[in-house]
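Reader: Please take one part of this model and look at it closely. I would like to see how the charged side chains pair, and then how that part sits in the rest of the structure.

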Amino acid sequence: MQLSRSARIALRIAAGLGFAVIYVPLALVLVNSFNPDRSASWPPPGWTVHWWSVAWENEGARNAVWVSVKAGLGATAVALVLGTLIAFAVARHRFFGRGTVSFVVVLPIALPGIVTGIALNSAFSTVLKPLGVGLGLFTVVVGHATFCIVVVFNNVVARLRRTSGSYEEAAMDLGAHTFRAFVDVTFPMVRSALFAGGLLAFALSFDEIVVTTFTAGAGVETLPIWIFNNMTRPQQAPVVNVVAAVLVLLSVIPIYLAQRLSSDTATESRI
Amino acid sequence: MSASLPAAGRSPVRRLAGLLHRRPRLRLSLLLTAPLLWLGVLYLGSLGVLFVSAFWTTDTFTSQVVRVWSTDNFHELLTTPVFRQVILRSLGVALSVTLLCAVIAFPLAFFTARVARPRWRPLLVVAILTPLWASYLVKVYAWRLILSQGGLADWMLEPFGLSGPGFGLPAAIITLTYLWLPYMILPIHTALEQMPAGLLDASADLGARPGRTFRTVVLPMVLPSVAAGSVFTFSLSLGDYITVQIVGGKTQLIGNLVYSNIELNLPMAAALGTVPVVVIVLYLLAMRRTGALSSL
C-alpha cells in the first residue's frame, strides 16, 4: 500500500503521541522520586536524593521485597514443573479432552483475580485450617503458581510445536532411551523457552496483588501489598515514590534478558 | 529399536524408559497427574465450591453462612437497581477500555510494523514491551500522581482554562486503558508484520486506493488479533477493583462490590463474582470460534 505523504506524517505524529502516552507516566514516577515535597503537585519545587537513602533504610519495604522474592521463586518453581508437564502432554500426545486441558490452563489468568482469590481463600480456610496450616507464605505460593503455570505452558508448548518429535526418534534409533533422549536432545531445545517462561512467571508473581490479598496471612506482606497499603499515607509518600521509581528501573532487566534469548520468545505474548 | 530388545540384564532406568516408551498412555497419565490434581482439584474444585456457595444465604444477624439451597442471591442481583447499575457500568467500562485500546494501538502498531525503517522495528517493539513489564501498581500510582490535585494533568490544562478530570470514572477508564494497552498493541503489531507486502501491492495494482485496501485487505486480516487483544483488555478491566479504588474516587465496579461483600455476605460475593466469570467465559468461547485464541 503506497501511503501518501500526509498519511505517513499523520501516522508518525500518532505514533509519537502514543509513545509519549506510554512513557510520560513512567518518567513522572522517576522524576517524582527526587521531589523534596511530600505532595505530587507539578512542577516539583526542587531536587533531592534524601528520600532515596530514607527508602533504603525502610524496614517494611525491605522485608516486603524479600517476601516477594521468596513467593516468586516458589511459584516459579512449581509453575515450571507443572507447566512443562502439561506442555509435553498437549504437544506430544493426542488424547480426549486436550482442548479442555489447554482451556483450563488459561482460565486462572483469564478470570478476575478477585474470583480466584476468594475461591482459594475459602478453600484454604475450610480445608487447610482444620489441618493446622494457616494462611501464610505457603498459601501465597500456591495461589501464585496457579496462574503462573500458563506462562510456562505457553512458552514451552510454542517451542515444542515448532520442533517435531523426529529428533527424539532419531536419538532413540541411535540407541538412546527415553530419559537419555530427553536430557541430550529435548531439554536443550526447550531450555531457553523454559527460561523465558520462568522469567515471566516470576515477574507475574512479583507484581500480583489481588490473589495475594486473599491468600496471604496477616503477617505476610509482599511488595505490591506494601505499596498499596502505603500509597495513600502522606507520611510514607516519599518512600513509596522511591520504591516505585526503583521498580520502573528494574523492569528493564527482564525485557533485556528476554530479548537476549532467542527472538521468538521475546515477542511472544505475555501469557 | 531398544524396546524390542530383551529386557533382562539392563539397568532399572533403561527398563523404566523402555516401559514408558512402550506404553504411551502410561507416559501421558504420568505427565498429566500432577498438573490435573493442581488445576482440576485445587483450582476448579475451589471455584466449584465458590459457585455452589452462591446459592447459599447468610444469616443477617450473625453473618454466618446458612447452607440452604436458594436462588435468592441471583434474584436480588437481577432486581436490585444498584446491582444492575454497577454491572452495566462495569460492562461499559470494559468495553470502552477495549475500544480505546484498539483505537490507540492501531496507529502505533501500524507505525512499528509497516512505516518505521526495518532496522528500527525490533527496537520499537522493545519500547512497547518495556512498560508492559513495569509493575501494575506503579503504573496506577503514576496516574494517581498525574491526576491528583495540582498534578501534571491540571498543570497541562491550566493554560487552556481547564482542569484535569480528577479521581472518578474517567480517571479509572484512562488508567485501565494505559494498563492494558500493550496487550492490544502486540498482537496487532504481529499481525501487521506478518502480512505479506505482496497483498498490499496486488490490491494497489488492481486499482484500490489506500482507504479501500485498508478496509478490504488490512482490516479483515488484523481483526482476529484485535479480538485476541480484546480478551485481555476486556476481562482484565471487568474484574479490576484495585485501580478503581486508587483513582476511581467513589466509582463502584463489580470487583468493588464483590470485595465489600466478602466479609459480611460471602454467598452474595460469590453470586456477584459469577457475573464477570460468566461474561468472560462466554467471551472466551466466542473468541475461540474466531480462532483468535490460537494466536495468543
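Author: Glu208 can wait; begin with Glu168(A), which is buried, at 11% relative accessibility. The cut-off for buried is under 20%, so Glu168(A) falls on the buried side. This is a predicted model, and every value here is computed from it. Glu168(A) has a partner. Arg92(A) forms a salt bridge with it, and the closest N and O atoms are 3.6 Å apart. Arg92(A) sits in helix α3 (residues 59–92) of chain A, and Glu168(A) in helix α7 (residues 166–173) of chain A, so the pair ties together parts that are 76 residues apart in sequence. The two ends differ in class. Arg92(A) has 27% relative accessibility and counts as partly exposed, whereas Glu168(A) is buried. In general, side chains of opposite charge can pair when their charged atoms come close.

How many salt bridges does the structure hold over all chains? It holds two. The other pair is Asp184(A) with Arg180(A), again at 3.6 Å from N to O. Here the partners lie in one helix, α8 (residues 178–207) of chain A. They are four residues apart, about one turn of the helix. Asp184(A) is partly exposed, with a relative accessible area of 48%. Arg180(A) is partly exposed too, at 42%.

Stay with the charged residues of chain A for a moment. Glu208(A) lies in the loop between α8 and α9 (210–215) of chain A. At 16% relative accessibility, Glu208(A) counts as buried. Beyond its neighbours up to four places away in sequence, Glu208(A) touches His144(A), Phe147(A) and Pro224(A). Phe147(A) also gives a distance across the chain. Its C-alpha atom is separated by 24 Å from that of Asn63(A), and the two residues are 84 apart along the chain. Asn63(A) belongs to helix α3 of chain A. Asn63(A) is partly exposed, at 43% relative accessibility.

Now the frame around these residues. Chain A has 13 helices and zero strands. Its C-alpha trace spans about 75 × 70 × 30 Å along the principal axes. Of the 271 residues in chain A, 53% are buried. Contacts in chain A often join distant stretches: among those between residues at least 6 apart in sequence, 71% join residues at least 24 apart.

Next, the nonpolar side. The largest nonpolar core has 167 residues. Those with the most contacts inside it are Trp226(A), Ile227(A), Ile188(B) and Leu192(B). Helix α4 (residues 81–115) of chain B supplies the largest share of this core, with 16 residues. Another core, of six residues, lies apart from it; Ala171(A), Met172(A), Ala176(A) and Met189(A) are among its members. Back in the largest core, Ile227(A) touches Val240(A), Val243(A) and Leu247(A), and also Leu137(B), leaving out residues up to four places away in sequence.

Leu108(B) shows a similar reach between chains. Leu108(B) is found in helix α4 of chain B. It is buried, with a relative accessible area of 0%. Neighbours within four places in sequence aside, Leu108(B) is in contact with Ala15(A), Gly18(A), Phe19(A) and Ile22(A), as well as Ile185(B). Within its own chain, Leu108(B) and Leu186(B) are 78 residues apart in sequence, yet 9.9 Å apart in space, C-alpha to C-alpha.

That leads to the interface. The contact takes 89 residues from chain B and 90 residues from chain A. About 8,200 Å² is buried between the chains, and carbon and sulfur atoms give 80% of that area. What is the count of salt bridges between chain B and chain A? It is zero. Polar contacts do cross: nine residue pairs are found, with both residues at pLDDT 80 or more. On the side of chain B that touches chain A, helix α2 (residues 24–53) of chain B gives the most, with 18 residues. By class, that side has 68 nonpolar, 14 polar and seven charged residues.

Return, then, to the starting pair. Arg92(A) and Glu168(A) form a salt bridge within chain A, while the count between chain B and chain A is zero.

How values were computed: Residues are numbered from 1 along each chain as its sequence is written. Chains are lettered from A and ligands numbered from 1 in the order in which they are written. Side-chain values use heavy atoms; hydrogens and water are left out. A nonpolar core is a set of buried Ala, Val, Leu, Ile, Met, Phe, Trp, Tyr and Cys residues joined through side-chain atoms within 4.5 Å. Buried means under 20% relative accessible area, exposed over 50%, partly exposed in between (1.4 Å probe, protein chains only). Helices (H or I, at least four residues) and strands (E, at least two) are DSSP runs, numbered from the N terminus. Contact means heavy atoms within 4.5 Å. Buried area is the accessible area (1.4 Å probe) that two parts lose on being put together, summed over both. A salt bridge is a side-chain nitrogen of Lys or Arg within 4 Å of a carboxyl oxygen of Asp or Glu. A polar contact is a pair of N or O atoms within 3.5 Å; within protein, one must be able to donate a hydrogen and the other to accept it, and residues adjacent in sequence count only if both atoms are side-chain atoms. Ala, Val, Leu, Ile, Met, Phe, Trp, Tyr, Cys and Pro count as nonpolar, Asp, Glu, Lys and Arg as charged, and the others, Gly among them, as polar.
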